[in-house]
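Let's take a walk around a bound ligand, its metal neighbours and a strand that runs past them. Please have the sequence and the structure open as you read.

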Amino acid sequence: MDEKKLRKQLIRITVITVVSCLVLCLVGVFLLQYVMQAVHESAHEQMRIETQEYKERILKQIDKNIQILTTFAKAYEVSSIANDKDQLEQSLTATNSANDFISMLYIWKDGHGVMSTATYGNRSEITLEDCDPYAIDVIEMAFEGNNGISKMFGSDVYGEKLFVYAVPVYQNGKVVGALAASDTLEIFTDIANGKAVMGGAGYINLINSEGRILVRSQNTLIKEDVNTIYDGSYLTEKTKEQTRLALSKQESVLGEFRYEGTRCHYYLEPLGMNGWYLFCANTVWGAHLALGGVLVITGVVVLLVLLVVNGLLYAGYRQFRKAVRALIRIAYQDQVTGAENTIRFNQRFNEISSQHKNYSTVAMNVHNFKGINDLFGQDRGDKVLCYLKEMIEGMLKTGEFFCRDTADLFYILLLDNDEQLVQKRMQKIIDHISRVSLDYGEYSYELSTYCGIAICGDRERALLAMQSIQNSHQKSIAFYNHVLHDEVRRKNSIESHMYAALQNKEFKLFLQPKFNLKTDALVGAEALVRWQNPDGSFRMPGEFIPLFEKNGFCLKLDMYMVERVCKQIRMWMDVGITPAPISINQSKLLFSDLNYPENVSQILAKYHVPPSLITLEILESVATENFEQINKQIEALHEKGFRISMDDFGSGYSSLNMFYQLDIDELKLDRGFLRKVSEEELVKRQAIVEQVVVFAKKFGIATVAEGVETQEDRDFVKRLNFDFVQGYFYDRPIAAAEFSRKYMNFEQGV
Ligand code: C2E
Ligand code: MG
Ligand code: MG
């Protein structure tokens with residue numbers, strides 16, 4: 001996962017969390033509002049129902065009393081009681097005591113009447129004028145044939161507020177009088193206190209249309225002694241105004257007020273008589289508010305928790321991002337130059353190649369970077385790498401990228417696939433880089449780079465192309481092609497088969513005879529390996545030895561060849577044949593193995609072969625690399641009794657001082673010396689080789705000329721005074737058995 005993807009994911013998580021938090025909060029707010037509204041409405045409804053209930057009970061009570069009076073009025077109509085004062089008095093007294101009225105009276109239409117009171121006994125005589133004006137009102141209403149209930153009035157006699165019911169009394173279809181009864185308001189008080197309003201949280205008062213409190217509930221919230229609902233400051237002016245208006249229209253009112261910090265709501269329901277109202281108030285709203293408060297606090301806490309969670313998430317995200325960045329830096333960055341590494345390069349490459357874009361992959365290397373490191377030190381070497389990184393970076397187009405693999409190997413991806421254009425661009429980069437030279441004392445070292453390009457190809461192909469010119473200073477740019485590819489396949493095939501081949505004894509011993517140049521007598525042979533494929537065909541050493549030198553397999557193969565040679569010598573010795581001394585080619589890798597002298601002599605010991613019969617051939621290039629170490633190995637090998645020959649002398653940078661620096665027994669002149677050259681060159685060559693032979697003789701070193709193919713070659717080397725000779729002119733390398741037959745008069749070979 002790269003940083004971009006990670007960031008995307010983190011942003012997505014954060015957005016989801018934030019959005020869900022917001023949604024949660026919004027849902028919470030709506031839910032809260034909904035719950036509060038529902039609670040509010042249900043409280044109102046509850047209040048309305050309860051008030052209605054009270055209203056019904058009051059009206060029922062009044063109706064019951066009117067019914068009682070009406071029943072007696074009917075009785076007076078059909079009897080003569082109303083005409084007899086005494087009978088009337090008795091009847092009133094009996095009715096009154098049976099129905100708990102304060103007083104009962106009968107008034108004839110002429111204004112005279114009879115009254116019976118529960119407390120003070122009967123007053124037989126009464127006139128309409130003696131009555132309270134409110135009572136007179138309803139009695140007169142009864143004279144007109146209507147039932148009525150008076151407004152309240154204070155009674156001096158009873159010291160409390162009373163009201164009066166009155167019904168008409170008929171005789172022969174005409175109103176002859178009115179039957180009335182007075183009652184106190186205790187009935188309302190009873191009702192108001194009879195039941196806990198709103199579960200104890202509320203109370204009910206009876207008021208008139210002016211807002212005057214007629215019956216006050218003992219349960220009232222308002223502590224002050226108020227006469228009207230407008231007294232005190234618990235109703236706002238606006239509410240008061242609205243209430244007054246509603247009362248004047250005999251409409252019901254729903255409202256709110258706040259008393260001593262408690263929020264209440266109230267409801268006014270008209271009783272439908274005398275302008276009376278039931279005033280119901282409760283603090284349920286306050287309780288609801290408390291519930292609302294809890295909900296709000298819960299909501300705020302949840303919000304805070306969510307905020308904290310989000311904050312933590314964000315802080316975590318930042319920390320995580322920092323850590324991821326650091327990790328990505330480690331995972332995707334080259335620590336030396338700060339460029340991207342191959343892991344990142346591959347990721348980006350896969351993206352580009354999957355989009356089928358036009359691109360080219362370039363592998364770039366510095367000539368002899370190891371030398372720079374050795375000469376200038378690793379720090380300078382690192383600086384060179386940083387410089388290369390800067391150079392490459394500065395010459396890329398948008399969308400192009402590069403990485404440092406290992407050491408001085410850089411890979412570049414260019415978004416071009418035209419061979420000429422890509423070559424031009426790379427040449428420009430190479431030229432730019434070469435402008436820098438490293439100073440070393442009075443010398444300066446010019447940076448030179450080379451590269452391999454794979455048009456629309458991958459790193460592997462670019463690397464192959466680059467490796468194809470790594471040893472050439474003439475060419476700095478190479479393109480990948482199929483030949484290179486085949487070469488790799490061949491290499492892979494060899495490497496995958498080599499172990500099995502050794503096991504199956506597919507490596508065969510061939511021998512090429514060596515002769516005394518003067519006497520033409522056989523003086524020995526050189527062991528040369530041939531790889532026989534299962535189909536019988538042979539692979540020549542040139543096809544696989546260089547590869548084995550690189551991959552280390554030569555160490556095994558050379559020891560195997562020593563063993564084959566020893567076996568062959570043993571065969572000859574076992575049948576009493578004087579064996580020919582044999583030279584065996586040895587890989588340079590062996591010379592850095594300190595156990596090598598011991599290992600090789602153990603093989604000889606196994607076959608009881610005297611080491612004097614074995615000459616170990618080392619390549620001239622080995623000797624040029626590390627004189628001291630090679631000399632030590634040569635010394636150790638000499639101690640074991642081996643002879644040492646220097647092969648391919650003159651093919652590299654050998655110098656004559658090798659003679660006295662290396663303790664060798666034989667020198668084999670590279671066959672390249674015998675190849676055709678110009679006359680002038682030949683003269684020079686002859687002079688050099690002549691000197692070599694003179695020197696060799698002086699140091700007691702035997703000289704062998706190899707690759708002698710013609711009589712001319714033979715004469716040439718003879719003139720130069722070589723000791724021994726080897727070449728097609730005499731014989732080719734042949735299988736050990738054939739050599740045995742041909743030169744040792746023995747049928748068997750390994
Ligand atoms: P070398 O040791 O210099 O061997 C001489 C090479 O010259 C042999 O090639 C031989 O066949 C070839 N040769 C001999 N006479 C003539 C001639 O008159 N004309 C021409 N053109 N060539 C001639 P070969 O057998 O192909 O071996 C090539 C190289 O492979 C050897 O060069 C040696 O360096 C290496 N080699 C061969 N066998 C072994 C081995 O067992 N171990 C190691 N480490 N290297 C081996
Ligand atoms: Mg050789
Ligand atoms: Mg040679």
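The shell around ligand 1 is made up of nine charged, eight nonpolar and six polar residues. In this tally Asp, Glu, Lys and Arg count as charged, Ala, Val, Leu, Ile, Met, Phe, Trp, Tyr, Cys and Pro as nonpolar, and the others, Gly among them, as polar. Before going further, please note that this is a predicted model, in which local features need pLDDT of at least 70 and side-chain atom pairs count only at pLDDT 80 or more, while totals for chains, interfaces and linings use all residues. Residues are numbered from 1 along each chain as its sequence is written, chains are lettered from A and ligands numbered from 1 in the order in which they are written, and side-chain values use heavy atoms, with hydrogens and water left out.

**Around ligand 1**

Ligand 1 is surrounded by 23 residues, and the closest are R530, N585, D647, E709 and Y728; a residue belongs here if one of its heavy atoms lies within 4 Å. Three side chains make polar contacts (pairs of N or O atoms within 3.5 Å; within protein, one must be able to donate a hydrogen and the other to accept it, and residues adjacent in sequence count only if both atoms are side-chain atoms):

| Side chain | Partner | Distance |
|---|---|---|
| R530 | oxygen atom of ligand 1 | 2.9 Å |
| D648 | oxygen atom of ligand 1 | 3.1 Å |
| R671 | oxygen atom of ligand 1 | 3.2 Å |

The protein buries 88% of the 790 Å² that ligand 1 exposes when taken alone, with areas from the Shrake-Rupley method and a 1.4 Å probe. Strand β21 gives four residues, the largest share of the shell.

**The metal site**

Which residues coordinate the magnesium ion (ligand 2)? They are E526 (OE), N585 (OD1), E617 (OE) and D647 (OD), at 2.0 to 2.3 Å. Donors are N, O and S atoms within 2.8 Å of the metal (3.2 Å for Na, K and Ca), and sites may look incomplete because water is not among the atoms. D647 also bridges to the magnesium ion (ligand 3), 4.0 Å from ligand 2. D647 is buried at 5% relative accessibility, whereas N585 is partly exposed at 25%; buried means under 20%, exposed over 50% and partly exposed in between (1.4 Å probe, protein chains only).

**Strand β25**

I644 lies in strand β25; strands (E, at least two residues) and helices (H or I, at least four) are DSSP runs, numbered from the N terminus. I644 is buried, at 0% relative accessible area. Among the residues that I644 touches are T615, L616 and I664, where contact means heavy atoms within 4.5 Å.

How values were computed:
Lists of a residue's contacts leave out its neighbours within four places in sequence.
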